[in-house]
Amino acid sequence: MTTPKPRIDHKWGMVVDLDRCTGCQACVVACQSENNLPINTKDVFLQRRAYEWIRIERYWEGEFPNVKARFIPIMCQHCENAPCEPVCPVFATYHNDEGLNVQVYNRCIGTRYCANNCPYQVRFFNYWEPVWPERMRHQLNPDVTIRSRGVMERCSFCIQRIRRAELTVERQEQGKLDHNTMKERNFLPACAMACPTNALNFGDQGDASSPVHHYFEEANHRLEERHHRTERTEEHPSRVYRLLEEMGTKPNVIYLKKVDMFPVKKGA
Amino acid sequence: MAAGEHHSEGMWVFPAPEAVTGDMAEKAAGMPKAIARALVVTGILFGLGIAGFVMRALDDGFGAHGPWGYYAAIFMFLFMVTGAAPLAAVAFRFTKSHWRRPMSRVSELFALLGVLNVIMFIPLMIVLPSIKNPEVGVEELEIRRSIWFETPIGAPLAWDFLGILFLAICSLAILWLSAMPDMAEGRLSATGFRRRLYSLLAGRWYGTKRQWTIQKVGLGLLGAFYFMTLVFVQFTVASDYAMSLVAGWKDSIFPPLFTLTSFQSSLGLILLALFIMRRWGGYEQYIGVSAFWSASKILLGLTLLWAYHTFAFLITFWYGRLEIEQNVLKYFFFEAYGGAFAANLFFSFILPFLILLWNPVRKTDWGPTLAGLSALSGAFIFNLKTFVGAFNAGDVYAYFFEFVPGPTWPDLWDVFMVIGGLGAAAFIYIAATRLIPILSVWETKEGAKYQKMDTLVRGRYLVLAKPE
Amino acid sequence: MQEGIVLPARRINADLLRSILNSPKWFWIIVAFMAVFVLGAFSTAGFLINRGYGVTGLNNQVLWGFFITNFVFWIGISHAGVMLSAILRLSKAEWRRPATRAAEVLTVFSLMTAMLMPLIHTGRPWRTLYWIYTLPFVPYDFARGIWPNVRSPLVWDPSAVYTYLTSSILFVLIALIPDFAVLRDRTTGLSHRIYSVLAMGWQGNARQWKLQIIAGVLLSALILPVFVSVHSIVSWDFGMAVSVKSWHSTVFAPYFVVGAVHSGVSAVVFVMILLRWCYGWQDYIRLEHIDSLGRLLIVVATGWFYFFVMEVIFGFYGMESDELAVRQMQFMEEPWNLWMIFFVGLTYFLPVGLWLTRSWRRNLWLMSIACISVNIGMWLERFLIIVPAQARKQVFTFNWYTYAPSIVEIMIIVGTFAMVTMLMLLLSRVVPLIPLYDIKEGDILKTQVQIGRRTVPATFRED
């Protein structure tokens with residue numbers, strides 16, 4: 001155990017299939033309890049200071065009665081080129097080598113600049129000291145820090161689960177850390193685990209057998225085309241896109257367009 | 001400061017008011033060999049320019065705007081420099097700076113080039129692509145981004161043209177009003193054609209107190225008006241012919257940067273003209289080093305401001321990392337026109353800054369001139385890079401500037417047009433100096449009265465009067 | 001004819017030291033009144049730190065509110081000092097003389113006040129002190145292994161502001177040395193000893209004067225880049241934020257700097273009018289000075305207006321729906337559109353209208369109104385840049401919200417105004433707010449030139 005085992009270079013990613021999302025909010029609840037988020041009481045919600053590391057945005061399309069609800073789950077996009085990172089004066093948020101955008105609560109001084117510079121608005125400031133009712137104290141997750149007031153927080157892709165899986169493989173099973181042993185640990189972020197329709201898929205982008213692999217291949221390929229200044233070859237009907245692609249943030253979260261069998265008639 | 005006659009030789013000049021009029025009239029009427037030779041050379045260049053223009057029109061027609069990049073660049077350079085040149089007279093007359101006196105007519109005479117600007121602008125009106133997209137394709141906009149949004153009637157061509165025309169008229173009015181007292185004196189001594197011209201221009205000028213008041217107020221009002229219009233027209237023209245031709249380039253500091261470059265380069269041009277007059281034109285007793293010394297401070301300030309604005313632009317685009325902004329940086333600043341930008345930075349900032357940094361150098365006539373010449377070249381490269389680049393940046397109706405092309409090199413006709421434009425401007429200016437005295441007679445006389453040497457404690461110092 | 005007569009040096013000393021050597025009755029009453037507000041603000045800040053930032057009106061969308069607005073405002077006011085002293089000194093404008101000291105002192109105090117704002121704005125101020133506010137003393141902190149992020153505008157900010165503060169204090173102190181010497185010779189006891197230390201052995205001999213002048217000119221030249229960089233960097237706090245639409249505008253740096261000069265010089269003019277009225281300095285702060293400052297302000301205001309127009313036009317220019325949403329909020333939605341009208345009217349049209357006529361420029365009441373209106377307008381300007389942009393940050397309309405300040409924020413803002421006023425008043429008890437030697441120097445250089453039948457005021461020039 002003294003010599004560290006060679007680690008594989010993970011690059012985590014998530015694929016959100018909007019065609020499957022029903023807007024049920026199970027992911028929101030799962031995230032809330034997994035990550036020790038303070039309870040969004042009515043007061044907090046009305047102050048617009050609710051914590052939702054993952055949130056379901058709901059938009060209406062069309063005019064009544066010809067109307068459809070659209071859902072899009074938005075969580076931290078773990079951008080490769082994260083706008084939140086360079087603006088932090090104390091390096092409280094930075095990029096680790098697993099493709100994750102991580103937050104160091106201890107360094108955070110609460111300038112809120114990162115939240116301002118996040119185009120997806122997925123960073124949350126602790127306006128109040130978090131409190132839970134006495135009877136809920138025991139449901140808090142011991143693997144996750146409770147953030148004091150005055151610091152920023154946001155989705156970590158449930159990094160505690162990734163770490164726990166790694167530790168299990170390395171320390172308990174004395175195994176070698178690779179894609180297969182990791183996968184056997186069957187870890188997933190709480191939201192992906194809770195999603196009843198498998199709209200949220202999580203995995204290693206480099207692992208050819210992971211559910212997200214080929215979507216990232218496709219997305220990166222399209223980006224490459226752009227960067228090598230080649231004219232777009234052929235407009236193949238791809239569902240893959242990233243949020244606010246023109247910002248150049250290169251998120252590690254990919255969205256799949258909704259396939260709409262019965263689109264809302266415009267102007268009806 | 002040390003006691004005694006401490007002001008350096010030639011710093012301030014004390015022309016005798018009585019001798020100025022005759023001397024000026026003599027200088028304006030004569031035709032020295034050097035000037036005749038200059039007129040011939042610039043005339044030939046002018047001809048070459050016209051030939052280049054005709055060939056370009058025959059080769060490419062007026063359909064696409066791409067081939068006209070170099071023409072636009074030389075027009076913009078002339079418009080930038082000659083449009084801003086009269087401001088030097090206007091601004092420093094407004095601040096009641098004494099050292100402006102030798103350079104105010106030099107700067108106002110550039111008003112005559114306004115006519116050239118108007119004529120040269122007409123082909124550009126034809127080649128500018130329409131704001132409304134004629135055929136809307138995939139990922140294209142219905143109207144391209146422009147400062148005219150919903151396109152009022154005639155925008156942008158007619159409005160830009162009107163602006164340039166108005167500037168030409170307004171600057172001519174300033175020139176006329178300011179030259180009127182000199183014309184009135186000139187009609188007494190001149191002969192023949194000049195006498196008729198001077199009488200015509202001087203009108204009923206008799207130098208009454210009321211006329212002087214009207215002239216001064218008129219110059220102030222026209223100047224303020226000219227200043228504001230110029231800044232506005234530079235904003236519209238620069239945006240229409242550069243920014244809105246590069247799809248998605250949104251850069252609010254570009255018009256101020258253009259204006260700033262114009263101030264800097266036009267002051268440089270005026271210093272160059274003053275230097276030539278002082279060294280070889282026999283105006284040494286009228287143009288003191290103080291004009292260069294004081295102008296050099298302004299030039300230094302403008303140079304620093306130029307660097308500051310450029311930096312403000314670069315850091316904002318560089319930090320943002322938006323794809324469009326990265327592409328603009330690649331195209332205009334680092335890859336395609338990277339060399340041009342380096343040269344621009346060197347001539348507009350580094351060289352003038354290194355020259356103007358030194359007090360002893362600024363207290364000469366050649367130091368500020370050298371810096372001015374450098375700023376002028378910098379502005380030339382700035383225009384070439386910006387407008388040639390913008391005219392060849394691909395689809396103007398695209399959603400954004402996605403594919404960065406390489407630089408566009410000039411062909412023979414482009415070279416002809418560029419040197420022809422410069423030649424035409426020089427030709428008109430030099431020809432004008434034969435008719436209108438290049439030194440403002442009344443301002444020189446007025447200045448001579450407002451300054452004297454006097455004793456304070458133990459030293460002799462210059463005394464400057466500032467009437468309210 | 002020249003306005004203002006040349007006064008004997010003894011008279012100048014007596015007049016300008018009046019604020020120090022005699023204590024008017026109203027003085028302590030006003031200071032106490034201001035102190036109440038300052039104490040109020042400090043206890044409110046304590047309450048804020050104790051309870052957490054929930055007591056402000058900020059929310060998940062609008063994360064920067066009144067505090068940041070006020071920070072930018074006070075940094076803006078601080079630009080008066082260098083504008084008036086350094087630039088006008090280098091350009092040898094004679095009418096700067098009575099304004100310099102007040103402007104420099106205002107610079108120092110407004111900078112100090114401004115830097116309190118980001119401190120109480122951050123979530124954990126005690127850590128901000130430790131991480132960021134040490135920057136003036138340790139430019140880049142290697143020793144403690146803290147590693148601040150040099151890419152962050154929030155690290156550029158304190159570096160620039162503290163450099164500016166340090167150099168402004170030096171600037172004030174060097175300009176004060178001859179006046180401290182005068183005070184040293186007129187006081188006794190403890191204050192005599194303090195002034196002796198501050199005067200640093202000033203005897204007024206030729207060498208000392210030469211050094212003092214060289215130091216002043218050098219500092220003026222060196223402080224200029226700092227002056228420009230400070231507000232540029234403050235503007236880049238916003239300009240670098242690519243995700244907030246309408247902030248990422250290239251023109252922000254010069255726009256903010258000119259705006260800062262606009263509000264700063266207006267504030268100085270108002271302070272001068274107050275000083276003239278409080279201490280009866282009619283012979284020193286003359287109408288011609290106010291007049292010249294008014295003319296300078298027309299130019300500054302018009303330059304500012306140009307940049308404002310650029311910023312707005314290019315906001316619309318991109319025709320991007322998210323940016324248009326911000327503009328929609330600023331210009332169309334109540335109450336923001338009313339604030340917008342007030343802001344543009346108060347910052348430009350009302351004051352410039354009042355400055356256009358010579359007789360109005362010389363009317364102290366109208367001048368005060370214009371100067372106050374500029375500062376209200378400039379405060380609103382920062383507010384209208386900062387808040388609507390955050391309220392309409394991106395295309396995700398689901399998250400759009402708005403902002404209303406809480407009483408806590410308002411108390412603290414009011415406290416900062418009281419604080420600067422109180423500090424200025426207190427300092428006027430300690431140093432002369434009009435430089436004695438500068439006035440005397442101006443009087444010596446004054447002369448006249450006879451042209452025909454007229455006598456024209458003139459000055460001796462050293463070049």
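**Notebook: sheets, a helix and a core**

I began with chain A, where four strands make an open sheet of mixed pairing, in the order S8-S1-S10-S9. Strands here are DSSP E runs of at least two residues, helices are H or I runs of at least four, and both are numbered from the N terminus. Two strands count as paired if DSSP finds at least two bridges between them.

The model is predicted, so I kept its limits in mind: local features need pLDDT of at least 70, side-chain atom pairs count only at pLDDT 80 or more, and totals for chains, interfaces and linings use all residues. Residues are numbered from 1 along each chain as its sequence is written, and chains are lettered from A and ligands numbered from 1 in the order in which they are written.

I looked up the edges of the chain A sheet. They are S8 (200-204) and S9 (240-241), each pairing on one side only. S9(A) runs antiparallel to S10 (253-256) of chain A, with two bridges between them. Tyr241(A) has Tyr255(A) in S10(A) as its bridge partner.

Next I took the sheet shared by chains B and C. Its four strands run S1(B)-S2(B)-S2(C)-S1(C), open, with antiparallel pairing. S1 (451-456) of chain B and S1 (446-451) of chain C each have a single partner strand, so one side of each lacks a neighbour in the sheet. Neighbouring strands are turned by 45° on average, direction ignored. I noted that axes are lines fitted to C-alpha atoms, for helices over the stretch in contact, with angles from 0 to 180 degrees between N-to-C directions.

I then followed the chain C hairpin. Six bridges join S1(C) to S2 (454-461) of chain C. Gln448(C) is partnered by Pro457(C), and Ile451(C) by Arg454(C). Two residues lie between the strands, and Gly452(C) takes a positive phi near 60°.

Which helix lies across S1 and S2 of chain B together with S1 of chain C? It is H16 (441-450) of chain B, at about 15° to S1(B). In H16(B) I found Val441(B), Trp442(B), Glu443(B), Thr444(B) and Gly447(B) buried. Buried means 20 or more other C-beta atoms within 10 Å of the residue's own, exposed 12 or fewer, partly exposed in between, with C-beta atoms placed from the backbone. These buried residues pack against H1 (17-29), H4 (101-108), H6 (157-189) and S1 of chain B. Contact means C-beta atoms, placed from the backbone, within 7 Å.

Last, I checked the largest nonpolar core. It has 348 residues, and Leu106(C), Val265(C) and Val268(C) have the most contacts inside it. Such a core joins buried Ala, Val, Leu, Ile, Met, Phe, Trp, Tyr and Cys residues through C-beta atoms within 7 Å.

Definitions and conventions: Contact = placed C-beta atoms within 7 Å.
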